[in-house]
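Good morning, colleagues. Please take a moment with the sequence and the structure before I describe how the strands, helices and cores are arranged.

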Amino acid sequence: MEEKTLYTLLVYSENIAGILNQITAVFTRRQVNIESLNVSASSIPGVHKYTITAYSDEDQIIKITKQIEKKIDVVKASYYTDDQLFIREVGLYKLSTPIVLENPEISRIIRRADGNVMEVNPTYVTVMLGGMTEEITNLFFALDKYKCVLQYTRSGRVAVTRSTVEQVTDFLEQQEAKRKA
């Protein structure tokens, strides 16, 4: 059996209600769990970008990508490994101010991780860290040892390809050329 790898799918679709449900249903039917999901407008007007991560083997991820691409409102779907993308996530940490003030090591941990203190009040300190998944979860575990974490959340992955042009741009240009021919 092939080892599971974390893949990132970049899916571009028209901004149509219900398309997210159609996309996630493909993963459900194949019993592949989505690790993270981020949806936003893309640089192309009227087109949304879905950044989806999932552990799978390559054969399965190819099938999932092809099935998603068959959806009528999907413009383009591609899968990538981490080395093919620029990737970032954001972590937010709400910490107990009294505990942070009584232990200076907590502030040193935040500084070493390059965390940004966003707010300090008598009840809590809010910290933000942008980076890779491991950096964000490592800061959480380091802070959690001090029992100071009141709340913690991590965003879904945002990613752009290392290519100078996204595949969807090439695809749309080809479609336009065919339409004009």
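**Sheet, helices and cores**

Strands β1 and β3 run antiparallel and are joined by 10 bridges. I should state at once that this is a predicted model. Within that pair, Thr-5 has Ser-56 of β3 opposite to it.

Let us widen the view to the sheet. Its four strands are ordered β2-β3-β1-β4, the sheet is open, and the pairing is antiparallel. Which strands stand at the edges? They are β2, residues 34–41, and β4; each has a single partner strand, so one side of each lacks a neighbour in the sheet. From one strand to the next, the twist averages 15°.

I turn now to the helices. Helix α1 lies across β1, β2, β3 and β4, and runs at about 15° to β3. Helix α2 lies across β1, β3 and β4, running at about 170° to β4.

Next, the nonpolar cores. The largest comprises 16 residues, and among those with the most contacts inside it are Leu-9, Phe-27, Ile-52 and Ile-64. At least two residues of this core come from each of β1 (5–14), α1 (19–29), β3 (47–56), α2 (58–69) and β4 (74–80). Helix α1 provides the largest share, four residues.

What is Ile-64 in contact with, once neighbours within four places in sequence are set aside? The partners are Leu-9, Val-26, Phe-27, Arg-30 and Val-32.

Finally, there is a second, separate core of 15 residues, including Ile-106, Leu-129, Phe-140 and Cys-148. As general background, nonpolar side chains in soluble globular proteins tend to be buried together. Thank you.

Definitions and conventions: Residues numbered from 1 in each chain as written. Predicted model: local features only at pLDDT ≥ 70, side-chain atom pairs only at ≥ 80, totals over all residues. Heavy atoms only, no water. Core = buried A, V, L, I, M, F, W, Y, C linked by side-chain atoms within 4.5 Å. Buried < 20%, exposed > 50% of the residue type's maximum accessible area, 1.4 Å probe, protein only. Contact = heavy atoms within 4.5 Å. Pairing = 2+ DSSP bridges. Axes fitted to C-alpha atoms, helices over the stretch in contact; angles between N-to-C directions.
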